[in-house]
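These are my notebook entries on a single protein chain. I record what I looked up, item by item.

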Amino acid sequence: MLVLFLMMVGVQAKVRLPHILGDHMILQQQSDARLWGWAKAGKTVKVSVSWSDVVYSAKADRDGRWMVKVKTPAASYTPLSITFDDGDQLTLKNILSGDVWVCGGQSNMEMPVKGFGHCPVEGYNDEVINARQYHGIHFVKIPSIMRMTPQEDAQCEWKEVGPETVGDASATGYFFAQVVNRALDIPVGLIMANKGGSRVESWLTKENLEKYTQEPTDSMGIVNFKPQWDYHRALVWGNGTFNPILNYTVKGILYYQGCSNVGDPGNQYSERMKLLVEQWRSQFGLGEIPFYFVEIAPYWYDDVNADWGAKLREQQYRASQIIPNSGLVCTNDLVYPYEAKQIHPAQKRQVGQRLAYLALNKTYGMSAVGGTSPSFKDMKIEGDSVFVHMNDLFGGYSRVEDIQGFELAGEDRVFHPATARYFVRTVSGQRDESILLLSPTVKKPVAVRYCFRNFQVGNLKNAAGLPLFPFRTDQW
């Protein structure tokens, strides 16, 4: 295939660009943005940009590949253009400078604003009607394809958000972009590189799979290891769907995945998540770019009261603690009671918004925006009472009564529902604010759990309206 392509290049003697470089794209603002492609071996490619008099140039190597880095301007809605010239000119138009975010993961990230069959996204009609209000949000969807070797290009094109196109955008990504666009008044580009049902292993390279996992990396081994569902296969989705974007200069990565890894043993998932982030950061070559990801929502997983899903969420929380410059969005409250068997919950607006709150707080320095959900800090047991303290309250709790989701267990390791309420007392001369837990059936509590079941919805939030991460204090 490469030989045929090089023969074609030799005949045509005209610069060729990857499809991700095209009209309507958004360039990462104030960066040394990479532009690349193919031309006849030894040919010099000149690159001219509308915002500067500087002319960049590069010589195609023996395989016809070339790359330049161009300094991009500050974010603006002013249309830009870029001309590539190797003797024949090619001009890209209607380009904007802004911030570019990758949308990776599985189907809940892939899920478009128009939803899937029998899986609607809440508020679809309103988004179509209001789409013109969000000038400067563009997106490109990388086709989900399997390949045994890393691909350099993918058939794709950038689109501007409007009434006719918004339905095809990732709902989570689009709602993220809405908030960033409004808050910062800058264009936002979304690169959607994901695959429904994919595992974390689906995105790891052959080298990482062979070094750190027992996953097969030959074609027959991959097929036989996951014979029923191709979307569970390792390696091939990263090769076909993610590799084509790695030269693109981006601001950060948004990631929503985990359902297909439910049941993984021990700390395997969090360690492989950390490995994946290290891999992507190395491949992009842009330093420790932000990585913000989403907790899997409550789902029955064949038994609403079991804890397989809860243990995966626990692994996601652990990943957020061991991956630098990362953040996790809690979604414990973003399901309706009737969605226990719905793997694609309808409330995607809040997911995207919470990702944006993380980015605004941690990446863009807007400290007034609460970005982090509360999490378990410590507990103190006094007789039949348990006093629980939380991190990241952002000034307080959102409710003080009718708190749902807590359970207590004694030495018999059987958990029972606990009554919970906000409690203030003086400890060692200091004001102490906590959540007081009591259960009439647990007289000597030893452990606490909060929403640590496959499908259990709590209602405790911080003053920013962000829900408490599910947790357990035991390791049973």
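**Entry 1: Met111 and its surroundings**

I first listed the contacts of Met111, leaving aside neighbours within four places in sequence: Phe116, Cys119, Pro120, Val121, Ala169, Ser170, Ala171, His344, Pro345 and Lys348. I note here that the model is predicted. I then located Met111 in the loop between α2 (107–110) and α3 (124–130). Is Met111 buried or exposed? Its relative accessible area is 0%, so I entered Met111 as buried. I also looked up its separation from Lys443: the two are 332 residues apart in sequence, and their C-alpha atoms are 46 Å apart in space.

**Entry 2: Confidence**

I looked up the confidence of the prediction next. The chain has a mean pLDDT of 96, and 97% of its residues reach 70 or more. Over residues 1–12, however, the pLDDT is below 50. Beyond near neighbours in sequence, I found eight contacts for this stretch in the model.

**Entry 3: The hairpin of β3 and β4**

I turned to strand β3 (residues 44–49) and its pairing with β4, which is antiparallel and runs over five bridges. A hairpin through five residues joins β3 to β4. Which residue of β4 stands opposite Val47? I found Tyr56 there. I then compared the two faces of β4 (residues 55–59). Tyr56 and Ala58 make up the covered face, whereas Val55, Ser57 and Lys59 make up the uncovered one.

**Entry 4: A four-stranded sheet**

I recorded an open sheet of four strands in the order β14-β15-β19-β18, with antiparallel pairing. Its edge strands are β14 (375–382) and β18 (419–427), each of which pairs on one side only. From one strand to the next, the twist averages 35°. As a general reminder, strands of a sheet pair through backbone hydrogen bonds, either parallel or antiparallel.

Within this sheet I followed the pairing of β18 with β19, which is antiparallel and extends over nine bridges. I found that Phe423 has Ser434 in β19 as its bridge partner.

I then examined Asp432, which lies in strand β19 (residues 430–438). With a relative accessible area of 15%, Asp432 falls under the 20% cut-off and is therefore buried. Not counting residues up to four places away in sequence, Asp432 touches His389, Phe423, Val424, Arg425 and Val427.

**Entry 5: Salt bridges**

Side chains of opposite charge can pair when their charged atoms come close. How many salt bridges are there? I noted a count of 24.

I looked at the pair of Arg65 and Asp63, whose side chains meet in a salt bridge at 3.3 Å, N to O. Arg65 is partly exposed at 26% relative accessibility, and Asp63 is partly exposed at 27%.

I next took Glu382 and Lys380, which form a salt bridge with their closest N and O atoms 3.7 Å apart. Glu382 is partly exposed at 32% relative accessibility; Lys380 is partly exposed at 43%.

I then recorded the salt bridge of Glu407 with Arg453, in which the closest N and O atoms are 2.7 Å apart. This pair links distant parts of the chain, the two residues being 46 apart. Glu407 is in strand β16 (residues 406–409), and Arg453 is in the loop between β20 (447–450) and β21 (471–472). Glu407 is buried at 6% relative accessibility, and Arg453 is buried at 19%.

Finally, I noted a network of salt bridges that links Arg199, Glu201, Glu215 and Arg272.

**Entry 6: Cysteines**

I searched for disulfides and recorded a count of zero. Why does Cys103 form no such bond? The closest cysteine sulfur, in Cys156, is 14 Å from the sulfur of Cys103, which is too far for a bond because the cut-off is 2.5 Å. Cys103 is also buried, at 0% relative accessibility.

I checked Cys451 in turn. Its sulfur is 8.4 Å from the closest cysteine sulfur, in Cys330, and this is likewise too far for a bond. Cys451 is buried, with a relative accessible area of 1%.

Methods. Residues numbered from 1 in each chain as written. Predicted model: local features only at pLDDT ≥ 70, side-chain atom pairs only at ≥ 80, totals over all residues. Heavy atoms only, no water. Buried < 20%, exposed > 50% of the residue type's maximum accessible area, 1.4 Å probe, protein only. Contact = heavy atoms within 4.5 Å. Salt bridge = Lys/Arg side-chain N within 4 Å of Asp/Glu carboxyl O. Pairing = 2+ DSSP bridges. Axes fitted to C-alpha atoms, helices over the stretch in contact; angles between N-to-C directions. pLDDT = per-residue confidence, 0-100.
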